[in-house]
Amino acid sequence: MTRTLLASAAVLALGTAASAQVVGFSQIGSESGWRAAETTVTQQEAEARGIQLQFSDAQQKQENQIAAVRSFIAQGVDAILLAPVVATGWDAVLEEAAEAEIPVVLLDRMVDSDPSLYLTAVGSDLVHEGEVAGQYLVEQVGGEPCRVVELQGTTGSSPAIDRKTGFENAIAGHDNIEIVRSQTGNFTRAEGKTVMEAFLQAENGGADICALYAHNDDMAVGAIQAIKEAGLKPGEDILVVSIDAVPDIFQAMAAGEANATVELTPNMAGPAFDALQAYWDAGTEPPKFIQTESKLYTQADDPQGEYDRRKGLGY
Ligand code: AHR
């Protein structure tokens, strides 16, 4: 009897394993705390749903991502998650996935390919994020003159392009606010610091800078260090506004060293797997864009509490 039950359980277990959907995930790398959290959440979401996730880290290289997607196609996976490092150059490999009838879901960044080549994209309105950051600054400075330095994300990536556009939209018509320097910091803390050091040097030791706009929190955290090393007070002498809402920026906000951040949820995989499940089960086509929320947090929004709530979440 026990033996029969065990045998049935083994068959069931085998049955489950055999029917588990396999999803390939081509991740950009681990350039930021936000990216690390997205990877963790994706792995957790897959595990919770019994999905077998094949993970590939592209180390910031598009050619590695293309090779990973080709390898997923060759394996015949049930779907592919792609967080595209840059926006261009995806047509050929997406056509190959479409020919193999493997649905592709874009995570957090967009591509310039025809939308028919992917099932859906999960992400925030990246232009809106830049607008929210810009509007915050407009309200903070009022009519005072404000020379802004900008740390851009990875060149050619959709968040770098769109967050710049959004910020520029928000400050348009406010002639007292001007972006005086703008350079990529590649979404990393180290490059954010190095580029900010150069900005400070070029701008009278920082005395001529009113605000920093960074396309992500990691670059802002690096820049905050540079501002402190230059003998200035980040958050006071130089306002600091960025995007992501990672724990470290809340710590900086709690210490008065950063002013605001716009949240980007790292849980892109939840909505992506929901859409895929409906597609696998009933062929349901999701909308082409599944939008996540973009919420502004300032020093008035309990930054210490936000830090405590987020610190164990894989950032
Ligand atoms: O594509 C989302 C951006 O990529 C995040 O804002 C940034 O931290 C990451 O590297």
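**Figure 1. Cys146 and the residues around it.** Leaving aside neighbours within four places in sequence, Cys146 is in contact with Val141, Asn176, Ile177, Glu178, Cys210 and Ala211. This view, like the others here, comes from a predicted model. Cys146 itself is found in strand 6, and with a relative accessible area of 1% this residue is buried. For a sense of scale, take Leu126: Cys146 and Leu126 are 20 residues apart in sequence, and their C-alpha atoms are 24 Å apart in space.

**Figure 2. The disulfide between Cys146 and Cys210.** One of the contacts of Cys146 is Cys210, and here we look at the bond that joins these two cysteines, with an S to S distance of 2.0 Å. The count for the structure comes to one disulfide. Turning about the S-S bond gives -85°, so the link of Cys146 and Cys210 is left-handed. Which parts of the chain does the pair tie together? Cys146 lies in strand 6 (residues 146–152), while Cys210 sits in the loop between helix 7 (189–202) and strand 8 (211–214), so the disulfide ties together parts that are 64 residues apart in sequence. Is Cys210 buried or exposed? Its relative accessibility is 19%, and because the cut-off for buried is under 20%, Cys210 counts as buried.

**Figure 3. Helix 2 meets helix 10.** Two packed helices are described by the angle between their axes and the distance between the axes. For helix 2 (residues 33–48) and helix 10 (residues 269–282), the axes come within 9 Å and cross at roughly 35°. The crossing of helix 2 and helix 10 is right-handed. If you would like to find the contact in the model, look for Thr42, Glu45 and Ala46 on helix 2, and for Ala269, Gly270 and Phe273 on helix 10. The residues of this contact divide into three nonpolar, two polar and one charged.

**Figure 4. A salt bridge between Glu31 and Arg109, and its network.** The side chains of Glu31 and Arg109 meet in a salt bridge, with an N to O distance of 3.5 Å. This pair links distant parts of the chain, 78 residues apart: Glu31 is in the loop between strand 1 (22–27) and helix 2, and Arg109 is in the loop between strand 4 (104–107) and strand 5 (120–123). Glu31 counts as buried at 10% relative accessibility, and Arg109 counts as buried at 3%. Which residues belong to the network? Glu31, Arg35, Glu38, Asp108 and Arg109 are linked by salt bridges.

**Figure 5. Glu150 of strand 6 pairs with Lys164.** Glu150 and Lys164 form a salt bridge through their side chains, N to O 2.6 Å. The two residues are 14 apart in sequence, with Glu150 in strand 6 and Lys164 in helix 6 (residues 158–171). Glu150 is buried, its relative accessible area being 0%.

**Figure 6. Glu257 and Lys228 form another salt bridge.** The closest N and O atoms of Glu257 and Lys228 are 3.1 Å apart. Here again the pair links distant parts of the chain, 29 residues apart: Glu257 lies in the loop between helix 9 (247–254) and strand 10 (260–263), and Lys228 in helix 8 (residues 217–229). Lys228 is partly exposed, with a relative accessible area of 36%. How many salt bridges does a search of the whole structure find? The search finds 23, including the one shown here between Glu257 and Lys228.

Technical notes. Residues numbered from 1 in each chain as written. Predicted model: local features only at pLDDT ≥ 70, side-chain atom pairs only at ≥ 80, totals over all residues. Heavy atoms only, no water. Disulfide = S-S within 2.5 Å. Helix = DSSP H or I, 4+ residues; strand = E, 2+ residues; numbered from the N terminus. Buried < 20%, exposed > 50% of the residue type's maximum accessible area, 1.4 Å probe, protein only. Axes fitted to C-alpha atoms, helices over the stretch in contact; angles between N-to-C directions. Left-handed = near helix turned anticlockwise from the far one by under 90°. Contact = heavy atoms within 4.5 Å. Nonpolar A, V, L, I, M, F, W, Y, C, P; charged D, E, K, R; others polar. Salt bridge = Lys/Arg side-chain N within 4 Å of Asp/Glu carboxyl O.
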